[in-house]
Number of protein chains: 2
Amino acid sequence: MQIAILIFDEITALDAVGPYEVLSRLPGADVRFVGAEPGLKGTDNGMLRLMADEAVADVPHPDVLVVPGGVGVALQAADPRVIDWLRAAHATSTWTTSVCTGSLLLGAAGLLDGLRATTHFLRMEALRDFGAEPTGERVVRAGKVITAAGVSSGIDMALTLAAEIAGDQTAKAIQLVIEYDPQPPFDSGSPDRAEPGVVAKLEAAVRAREQAAAARAAAAA
Amino acid sequence: MQIAILIFDEITALDAVGPYEVLSRLPGADVRFVGAEPGLKGTDNGMLRLMADEAVADVPHPDVLVVPGGVGVALQAADPRVIDWLRAAHATSTWTTSVCTGSLLLGAAGLLDGLRATTHFLRMEALRDFGAEPTGERVVRAGKVITAAGVSSGIDMALTLAAEIAGDQTAKAIQLVIEYDPQPPFDSGSPDRAEPGVVAKLEAAVRAREQAAAARAAAAA
């Protein structure tokens, strides 16, 4: 079972590594980290680099497609190598998945038209640009397309997918080996329950960063 | 604030990337991925590679030390470059932390003697070899030393640490931006609640893998 995880500069590392940690433990998993071109890809906090061993063109027909997000999504959406690959890979995939703003890349490739989907809560309305119906659920399944909410939700998405692929017992064993028994010290992981001041401050900071990325994408286009 | 995250071959990727995703968002964070020597480090499922841009020797006095785990820990514990660095870095660190079997590396460096600590549940008793007192808690603080349980617990540990370093409001904002509002599809993340059959099967598989790694370490010593 070939699993392709797209990586790119300014990716959010946990978007990719959360699902990787789960899906790579599936029996027979053959995980490929792919980029528009091979090479090291910097993450959106600029400190960690992940290696894409292959180009997307080298992995044309993965069984499972995982599209992470991050501020670099804007540049990827403007890259025909990536968009054409997503379309072709989705045509033959068993599962097409995204984490965080990775769903906006699926949208840009035309893969979410008419589907319920999710993304990072700060970008939820952007899904409508692609004909998708935004939902506030953490993991959203629409046929073979599974989209997940922001960053850490990729772990929940991947466990859900692991159960679909290999059964509940295998998914439970994976959850156990990664000791995924979350105990966050605060109840601040959702905009519905976080303090309004925390939400507002974050919103301002993230939007400024995303606007800068969009400007770079426009300049590169 | 300099944050050094040790990486090495056969690391568990999420052990490093969970804390990275949280700590790199702290104001003034300067995260360095370091290895016994610089270069690409393979993860313990053999598919993803992370880049160590610097050698441990280049980052002698980080403010925060993060030691992830994985089957590669056995080889690291036999490497004097790593052990000597851990001792010297701990002498001047503000916080010394570990995720999963990273605590066994802290133990091998003599940093856990007499302290309450935790690790992956399958390796809990190994902490006693280093004079530590194993506990079943997910995040264990003993003075400036914080150890976390298996793999995904590094996210909880890092949010706890973020609050200590930058205050609750900043930690809550980080939890929100990574949408850490966990909704695992099963309640199988702890050996106390997972089905006994799932625990037993996992235990056998992981022990076989760890024995192989220990044999390789012995051969290399």
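**Sheet, helices and two-fold arrangement in a predicted dimer model**

Good morning. In chain B, strand S6, residues 64-67, pairs with strand S7 in the parallel sense, and four bridges hold that pairing. Please bear in mind that this is a predicted model.

Let me stay with chain B for a moment. Within the pairing of S6(B) and S7(B), Val66(B) has Thr97(B) as its bridge partner. S7(B) is also joined to strand S11 of chain B, residues 145-148; these two strands run parallel, again with four bridges. On that side, Thr97(B) stands opposite Ile146(B). Thr97(B) is thereby named in both pairings, as the partner of Val66(B) and as the residue opposite Ile146(B).

How many of the five residues of S7(B) are buried? Five of the five are, and the strand, residues 95-99, is accordingly described as mostly covered. The cover extends to both faces: Trp95(B), Thr97(B) and Val99(B) are buried on one side, while Thr96(B) and Ser98(B) are buried on the other.

I turn now to chain A and its sheet. Seven strands make up an open sheet with mixed pairing, in the order S5-S2-S1-S6-S7-S11-S10. Which strands stand at the edges? They are S5, residues 54-55, and S10, residues 139-142; each has a single partner strand, so one side of each is left without a neighbour in the sheet.

Further inside that order, strand S1, residues 2-6, and strand S2, residues 30-35, of chain A pair in the parallel sense over five bridges. One residue pair in this ladder is Ile3(A) with Val31(A), the latter lying in S2(A).

Two helices of chain A deserve mention. Helix H1, residues 13-23, packs on the sheet and touches S1, S2, S6 and S7 of chain A; its direction makes about 165° with that of S1(A). Helix H5, residues 153-166, lies across S6, S7, S10 and S11 of chain A and runs at about 165° to S7(A).

Finally, the relation between the chains. A turn of 180° with a shift of 0.0 Å along the axis lays chain A on chain B, with an RMSD of 0.0 Å. The two copies are thus related as by a two-fold rotation axis. Which C-alpha of chain A is nearest the axis? That of Leu50(A), at 2.5 Å from it. The same surface serves both copies, since 100% of the contact residues of chain A recur in chain B.

Thank you for your attention.

Conventions: Residues are numbered from 1 along each chain as its sequence is written. Chains are lettered from A and ligands numbered from 1 in the order in which they are written. This is a predicted model: local features need pLDDT of at least 70, side-chain atom pairs count only at pLDDT 80 or more; totals for chains, interfaces and linings use all residues. Side-chain values use heavy atoms; hydrogens and water are left out. Two strands pair if DSSP finds at least two bridges between them. Contact means heavy atoms within 4.5 Å. Axes are lines fitted to C-alpha atoms, for helices over the stretch in contact, and angles run from 0 to 180 degrees between N-to-C directions. Buried means under 20% relative accessible area, exposed over 50%, partly exposed in between (1.4 Å probe, protein chains only). Copies are superposed by least squares on the C-alpha atoms of residues with pLDDT of at least 70 in both.
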